[in-house]
Amino acid sequence: MSIKQAATIAEVIQLLDEIIEKSKLEQSAIGLFAILYREVTVKVKEGIRDGSFQNGERMEKLDVIFANRYLKAYYQYQAKEKPSECWGFAFEQADKFWPIVLQHLLLGINAHVNLDLGIASAQVSTVEDIGDLKSDFDQINAILSNLVGGVEKCLIKIWPTLTMILKWTGKMDTFFIDFSMQTARDGAWKFANEFVAVPENQIEACIQLRDQRITEIARLVSNPGYFVSAVFKFIRLFERGTVAQKIMDMQIMEEKNMECVGT
């Protein structure tokens with residue numbers, strides 16, 4: 001399988017559509033994050049069109065570089081090659097029974113924001129001007145945060161059992177999302193500022209070290225301790241439908257949009 005790469009945001013969306021449709025056919029949970037990421041990409045495209053970013057041309061370049069890291073990892077995994085460790089871990093969980101939809105989304109966010117976004121941000125910047133990117137960087141993260149914030153509401157619509165679980169666990173689910181998103185936002189910007197100054201001959205070693213650290217966060221998302229894991233397993237037993245049906249449910253919610261932003 002060849003590794004497809006995009007040249008424009010429109011091509012990113014087209015390739016994400018292909019991944020989503022393939023995931024439906026193969027009953028692969030990989031398609032769950034792809035739907036969330038597609039919505040992020042559409043929002044960025046609309047923001048560029050509407051002049052919402054300080055530098056639309058730079059944001060399109062950043063978005064394509066950012067997306068191509070995900071696409072490269074996906075096609076490497078499909079070809080049984082070795083992608084970055086954190087993406088490999090996330091994709092492997094898609095073949096397992098126990099992760100719930102929320103975990104699949106957070107695993108994708110963890111790899112893509114914590115590793116890929118910092119690298120992409122550095123690649124469109126220099127040490128001297130990376131500070132100019134901060135406003136647009138925060139905006140792309142705000143888009144993602146808003147979408148993730150709607151995950152719980154949408155999951156309740158698909159799986160009413162979750163309502164009962166949330167009453168039992170109080171703020172546990174909100175904490176889980178906020179922890180991941182805040183860690184990702186702050187860590188990605190810090191890493192971007194460090195990475196942009198890394199000498200050429202140290203770039204691969206720097207990426208590998210970062211990849212290892214992010215994979216450790218992925219393991220926490222996958223196994224967040226006895227109590228939370230037990231709650232998630234209970235939720236998983238009451239999830240309705242096949243993987244393909246869950247993907248289609250999420251797509252319907254995206255089409256209806258914004259009352260159910262994010263899944």
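**Note on the nonpolar core and salt bridges**

1. Glutamate 194 has a relative accessible area of 42% and is therefore partly exposed. The model under review is a predicted one. The side chain of glutamate 194 meets that of lysine 190 in a salt bridge, with an N to O distance of 2.8 Å. Lysine 190, at a relative accessible area of 53%, is exposed. Because the two residues lie 4 positions apart in helix α9 (residues 172-195), about one helical turn separates them.

2. In the whole structure, 13 salt bridges are found. One that links distant parts of the chain joins arginine 38 in helix α2 (residues 30-49) to aspartate 17 in helix α1 (residues 9-26), 21 residues apart. The closest N and O atoms of this pair are 2.6 Å apart. Arginine 38 is partly exposed at 26% relative accessibility, and aspartate 17 is likewise partly exposed, at 29%.

3. Helix α2 also holds lysine 43 and glutamate 46, which are 3 residues apart, about one turn of the helix. Their side chains form a salt bridge at 3.9 Å, N to O. Lysine 43 has a relative accessible area of 24% and glutamate 46 one of 30%; both residues count as partly exposed. A network of salt bridges links these two residues with Glu39.

4. The largest nonpolar core comprises 78 residues, and those with the most contacts inside it include Ile30, Tyr70 and Phe91. Helix α5 (residues 101-123) contributes the most to this core, with 13 residues. Leaving aside residues up to four places away in sequence, phenylalanine 91 touches Ile30, Tyr70, Ala73, Tyr74 and Tyr77.

Definitions and conventions:
Residues numbered from 1 in each chain as written. Predicted model: local features only at pLDDT ≥ 70, side-chain atom pairs only at ≥ 80, totals over all residues. Heavy atoms only, no water. Core = buried A, V, L, I, M, F, W, Y, C linked by side-chain atoms within 4.5 Å. Buried < 20%, exposed > 50% of the residue type's maximum accessible area, 1.4 Å probe, protein only. Contact = heavy atoms within 4.5 Å. Salt bridge = Lys/Arg side-chain N within 4 Å of Asp/Glu carboxyl O.
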